[in-house]
Amino acid sequence: MGHVSEHLLAGYVAGGVLPGDQEWAVEGHLEKCGQCRARLAGAAGPSVTDLVGGVWAGLEPHLAAPPQPRPRRTVAWLRGWATPVMVPWLLMVIAVGALAVLLDQIYDGSRPSFVLLLSPVLPVFGVAASWTRGLDPSYELTAATPRAGLELVLRRTTAVLTPVLAVLLAAGWLTGAWIGFGLLPSLAFATGTLALGTFVGIAWAASILIGLWLGALVVPTVSFGGSVLLAPATWPGWLAAVAVFAGFIVFRRDTFTRLAAQH
Amino acid sequence: MGVLPGVKSPREPDEERLLRRAARGDRAAFEELYRRTAPWLAVRLRRRCADDQIVAEVMQETYLAVWRAAGSFAGGVAGGSAVGWVWTIAVRRLVDAFRRRAHHAQPPAEMRVPLSAPAAEEEALAGTLGDSVGDALRTLAPELRQVLQAMVLDGLSVRETAILLGLPEGTVKTRARRARIAMREALS
């Protein structure tokens with residue numbers, strides 16, 4: 001084991017033919033050994049020195065601009081899950097959740113729970129914001145990437161659902177008993193948006209489901225003081241809906257790649 | 001490939017540290033990095049390209065990329081070699097330069113002045129590779145070794161190797177396969 005010999009180094013610098021194994025060894029060694037690189041610089045003739053000097057002269061004016069900042073890992077990771085467009089919607093969803101809790105605290109027990117009433121529709125807004133042409137200026141760019149399709153839709157939906165469900169859980173915990181049940185309608189509406197989205201596009205699916213929510217849950221609650229659909233006994237129905245919608249999404253997952261080009 | 005024991009004096013910052021300092025906008029560190037690596041890079045590139053103008057262009061592009069993207073190295077894999085990183089950039093820029101000039105491509109400066117065979121005592125370095133590997137490489141036909149060198153030592157793809165050596169891709173694939181078979185036989 002040693003460093004590159006003078007003779008070999010001179011031959012390498014001159015650009016002459018070296019026996020194969022030696023050329024290989026010299027290149028491998030020079031990449032690792034700073035000393036031999038320094039010796040090479042000393043052994044190099046004026047042509048190399050001129051070249052190196054000339055390149056530096058050409059390089060210097062460009063060095064005024066500072067290097068690019070180091071890429072942030074967490075930011076890069078987040079971009080795989082969410083778009084900046086989703087931020088205002090998420091904030092809105094969280095604010096609405098917080099307001100519902102506040103209202104529930106004020107009208108304690110005298111009317112149906114606002115949290116329970118609003119919980120199905122909150123994630124729908126988020127899901128719509130994550131995959132809609134009208135809301136996302138970079139929609140076409142995203143849709144044209146190889147990552148577009150069900151996986152990206154699911155990633156973004158997860159990115160929406162996680163904070164929303166956290167808010168709902170916290171709200172449920174603050175207002176009382178029905179934590180487990182409160183999540184089911186919101187899950188069903190979120191998966192329902194995606195499932196219906198495979199037919200008509202996410203934006204339309206979200207509008208239709210919001211309409212359904214108004215007709216089937218809000219109107220009865222306001223006029224009759226409660227909707228049968230939101231009674232805790234209905235949980236098997238909601239669970240079945242989640243399962244059916246999820247099955248639909250998986251079954252029609254190819255639609256998302258084609259859908260991405262249309263909606 | 002054997003790694004030599006580190007004999008650097010502890011006061012001298014190594015290339016990785018210089019690169020990390022350059023990433024924070026330290027001009028002096030970058031200049032030092034350039035002073036240390038540019039002659040080596042110039043020589044290594046000139047062994048692959050006879051045209052000094054292309055070499056100068058490639059070096060300028062490479063160091064500009066190193067300066068601008070130093071942060072992505074500093075933020076990259078820990079324990080990576082800065083010099084190896086510089087070479088990876090340079091060899092790809094060289095391939096790009098060849099690709100741009102495809103219509104008047106010239107073969108790299110292989111086989112210019114043949115060097116007199118080195119004396120036996122100067123072959124001490126062959127130990128770096130291990131005797132059997134060294135023997136196998138020495139007996140390999142030059143055109144096969146060239147392909148192997150571009151693909152293994154320079155880390156290029158088949159397509160890049162084809163551009164660098166001015167060969168059709170099919171030839172590169174055939175030669176790589178022949179080189180692999182020859183190496184396997186020589187090593188068994």
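Okay, let's start with chain B: if you take its contacts between residues at least 6 apart in sequence, 65% join residues at least 24 apart. Keep in mind that this is a predicted model. For chain A, the matching figure is 76%.

So what are these chains built from? Chain B has eight helices and zero strands. Chain A has 14 helices, and again zero strands. As for burial, 38% of the 188 residues in chain B are buried, and in chain A it's 37% of 263 residues.

Let's zoom in on helix 1 of chain B, residues 15-23. Which residues are buried there? They're Leu18(B), Leu19(B), Ala22(B) and Ala23(B). Those four sit on the same side of helix 1 of chain B, because they cover an arc of only 140° around the axis. If you're new to helices, here's the background: an α-helix has 3.6 residues a turn, so residues three or four places apart point the same way. Then, following helix 1 of chain B, you get Gly25(B), and its phi is positive, near 90°.

Next up, the other end of the numbering I want to show you: helix 7 of chain B, residues 158-165, and helix 8 of chain B, residues 169-187. Their axes come within 9 Å and cross at roughly 110°. An angle from 65 to 115 degrees counts as roughly perpendicular, so that's what we call helix 7 of chain B relative to helix 8 of chain B. Who meets whom here? On the helix 7 side we have Val158(B), Arg159(B), Thr161(B) and Ala162(B), and on the helix 8 side Glu169(B), Val172(B) and Lys173(B). Sorted by class, that contact has three nonpolar, one polar and three charged residues.

Last topic, the nonpolar cores. The largest one has 69 residues, and the members touching the most others are Leu40(A), Ala42(B), Leu45(B), Met59(B) and Leu94(B). Notice the letters in brackets: both A and B turn up in that list. Which helix gives the largest share of this core? That's helix 4 of chain B, residues 82-100, with eleven residues.

Take Leu94(B) as an example. Leaving out residues up to four places away in sequence, Leu94(B) touches Leu45(B), Arg48(B), Cys49(B), Val58(B) and Leu164(B).

And apart from the largest core lies another one, of 45 residues. Its members include Leu116(A), Leu118(A), Leu161(A) and Leu184(A). Okay, that's my tour!

Methods
Residues are numbered from 1 along each chain as its sequence is written. Chains are lettered from A and ligands numbered from 1 in the order in which they are written. This is a predicted model: local features need pLDDT of at least 70, side-chain atom pairs count only at pLDDT 80 or more; totals for chains, interfaces and linings use all residues. A nonpolar core is a set of buried Ala, Val, Leu, Ile, Met, Phe, Trp, Tyr and Cys residues joined through C-beta atoms within 7 Å. A residue is buried if 20 or more other C-beta atoms lie within 10 Å of its own, exposed if 12 or fewer, and partly exposed in between; C-beta atoms are placed from the backbone. Helices (H or I, at least four residues) and strands (E, at least two) are DSSP runs, numbered from the N terminus. Two residues are in contact if their C-beta atoms, placed from the backbone, lie within 7 Å. Axes are lines fitted to C-alpha atoms, for helices over the stretch in contact, and angles run from 0 to 180 degrees between N-to-C directions. Angles under 35 degrees count as roughly parallel, over 145 as roughly antiparallel, 65 to 115 as roughly perpendicular and the rest as oblique. Ala, Val, Leu, Ile, Met, Phe, Trp, Tyr, Cys and Pro count as nonpolar, Asp, Glu, Lys and Arg as charged, and the others, Gly among them, as polar. The arc is that of the directions from the helix axis to the C-beta atoms.
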